Amino acid sequence: MSFIIKCLDCGHNAPYYPTSTTCPKCNSQWREAEYDYELIGKTLPEKLPSRTADLWRYRELLPVRNPNISLSLGEGSTPLIRAVNLGMMLGCPNIYIKDERQGPTSSFKDRQAAVTIAALKEAGITEMVAASTGNVAISYSAYASRAGVKLWAFVTSLVPSVKMREIALYGSQVIKITGSYDQCKQVASEFARQRKLYQDMGARTITSIEAMKTIAFEIAEQLTAAQGPGENTPWRTPDWYVQAISGGMGPLGVHKGFREMKQMGWIDRIPAFAPIQAEGCAPMVTSWKKGLEKAETVTSPKTRIETLATGDPGRSYEFLREIVNGTNGAFESVSDEDAFRAMHVLAKMEGISAEPAAAAAFAGLFKLIRAGVIKPSDTVVVNCTGHTMPAESSILGENWSRDVKFPSMEETPQEGLLSALNQVAPERFPKIVIVEDTTEARRLIRRILQSQGNFTILEAANGREGLELIQRELPDLVVLDLMMPEMDGFTVIEALRAKQETATIPVIVATAKELTPDEKSRLSGHIQALMQKGDFLNDEFLEEVNSFIK
Ligand SMILES: *Cc1c(COP(=O)(O)O)cnc(C)c1O
Ligand SMILES: [Zn+2]
């Protein structure tokens, strides 16, 4: 493997040693690896089909001379999942989730830890220091244990205790710092300096950026498998890459991956980048919106999402700003509440339980789609950076479970069990009829209703069937499409309103159709709500439903 380390400030080239962290000529800490792109671009693609499904399949483009398979935990090659329900709700059908929760310790930091520890091991280093908001220390600890490396993990006292205990379980020394994450990094640096220990420098660590770029390689390879090759190139690029950031190491690395693929002729364009921050700690977003070239720092972050609490991004902002501007991307911030709400949406609509930091990326996605920045026809990849930590109880609120005590021997078993089960759920639920001709839209509405409420749901695939069903069942509510074969929604409504038994049943129209003023007046007074498909999220829809059901 031949590669050199190039200084981003003076252009000086030097060989790679993990312990030498500055440019020998100008002392800059900002350097990056360069490979023989000409050769690798030609030879690597044909080797890929026979390679293992992990990030070492791109080993010619990684700064480790002899990847040591015995350290591997199966890092990388996480699935790219199409978010069908989310896409339908947002009117943006090509949303893909890069599911980084499926890394060995459930966050995308596993890539960074796997590559860095491999490089350290190769260089004979057996002790290291890392400051972390949790996930970095967890990942490093797991790999350090396999490699025989001792880790000093500096974490802020706000890191959830379950995360701290996991770090300790792997055998790392946990050091809790009462202070901000930036202060925690200072203490860690001082400790490393005094003890002359190797310290992880986040985005300034060569291996971190190199590891993160494999996300880009995988996205292009997987998107090509899903949608076919690009217009003029063997691999396909999405239109957007969306990720929640703290220090911004992820997008810096991912962008380098796209840049390298472009240089090698595998793709011919780079996606627009959308880094998302938490409102209470969004130095990059506010600085970008003000047009600043250097970031204004946030000294006391006000977010409960500790994972995203870098208040001083330093030069990462300058590099990221160039990327965002150069790709016609956008920085955006979201509130903690937006992120928590996105956790519910993701879990209930896509079966994905993400930690608040990861969910912030999705909250950002919702915001950018609604602002028209991300277009309905765009292909979007959102990095789901990490799995839920046990924060669920605080986010679920009260009454999220129902308790059943198994009846004791003295009671008649049959009766006891029946009455216990009656506490779980009443016998009769409000009845809702969905009249909708597209299967996916029917499934989406059913899913929204069943995810957060107890309803008896009946479905019809066209207007005529729907009308019969409503007249027979007399439901508490009807969710109705307008454009349907056999009998359209307008006719169904007229028929319902003409008969006494069905005249007062509330109707919510859910349609993709842009209504003319004439059509609107035909509906007015006869329906209770109009919901535009592709323009509502599940909880908004449910709110409407619940307001009509007594
Ligand atoms: C570290 C982390 C982030 C922020 O990533 P950066 O690219 O380093 O800013 C986001 N989400 C999760 C789950 C993380 O662990
Ligand atoms: Zn230099």
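The following paragraphs describe the zinc site, the N-terminal strands, the enclosed and open spaces, and two single residues of a predicted model. Local features are reported at pLDDT of at least 70 and side-chain atom pairs at pLDDT 80 or more, whereas totals for chains, interfaces and linings use all residues. Residues are numbered from 1 along each chain as its sequence is written, chains are lettered from A and ligands numbered from 1 in the order in which they are written, and side-chain values use heavy atoms, with hydrogens and water left out.

The zinc ion (ligand 2) is coordinated through the SG atoms of Cys 7, Cys 10, Cys 23 and Cys 26, at 2.3 to 2.4 Å; donors are N, O and S atoms within 2.8 Å of the metal (3.2 Å for Na, K and Ca), and since water is not among the atoms, sites may look incomplete. The angles among the four donor atoms run from 104 to 114 degrees, and the site is tetrahedral, a label given to four donors if all angles lie between 85 and 135 degrees. In sequence, the donor residues follow the spacing C-x2-C-x12-C-x2-C. Distant parts of the chain are linked by the pair Cys 7 and Cys 23, which are 16 residues apart, with Cys 7 in strand 1 (residues 3-7) and Cys 23 in the loop between strand 2 (13-14) and strand 3 (31-35); helices (H or I, at least four residues) and strands (E, at least two) are DSSP runs, numbered from the N terminus. Cys 7 and Cys 23 are both buried, where buried means under 20% relative accessible area, exposed over 50%, and partly exposed in between (1.4 Å probe, protein chains only).

The strand that carries Cys 7 belongs to an open sheet of three strands, in the order 2-1-3, with antiparallel pairing; two strands pair if DSSP finds at least two bridges between them. Strand 2 and strand 3 stand at the edges with a single partner strand each, so one side of each is left without a neighbour in the sheet. Strand 1 is joined to strand 3 by five bridges, in which Lys 6 has Glu 32 as its partner and Cys 7 has Arg 31. Two bridges join strand 1 to strand 2, and Ile 5 stands opposite Ala 14 in strand 2. Strand 1 and strand 2 form a hairpin with five residues between them, and Gly 11 in the turn has a positive phi of about 80 degrees. In a regular strand the side chains alternate between the two faces of the sheet. Along strand 1, Phe 3, Ile 5 and Cys 7 point to one face and are buried, while Ile 4 and Lys 6 point to the other and are not.

Four cavities of 30 Å³ or more are present in the structure. On a 1 Å grid over the protein atoms alone, a cavity is a set of points where a 1.4 Å probe fits but cannot get out, and a pocket is an open set with protein on both sides within 12 Å along at least five of seven lines, lining residues having an atom within 4 Å of a point; grid points are joined across faces, edges and corners, and a volume is the space filled by probe spheres set on the points. The largest cavity holds about 120 Å³ of space, and among its 14 lining residues Pro 18, Thr 21, Arg 204, Thr 205 and Ile 206 are the closest to its centre. Strand 9 (198-199) and helix 7 (206-227) each supply at least two residues of this lining. The second largest cavity has a volume of about 70 Å³, and its lining includes Trp 56, Leu 71, Glu 75 and Tyr 143.

The largest pocket contains about 910 Å³ of space. Of the 50 residues that line the largest pocket, Tyr 181, Lys 185, Gly 202, Gly 247 and Thr 310 lie nearest its centre, and helix 6 gives the most to the lining, with six residues.

Two single residues complete the description. Gly 265 is placed in the loop between helix 8 (249-263) and strand 11 (272-278) and counts as partly exposed, at 38% relative accessibility. Leu 449 lies in helix 15 (residues 439-451) and, at 0% relative accessibility, counts as buried.

Definitions and conventions: Four donors count as tetrahedral if all angles lie between 85 and 135 degrees; four count as square planar and six as octahedral if opposite donors are over 155 degrees apart and all others between 65 and 115; anything else is irregular.
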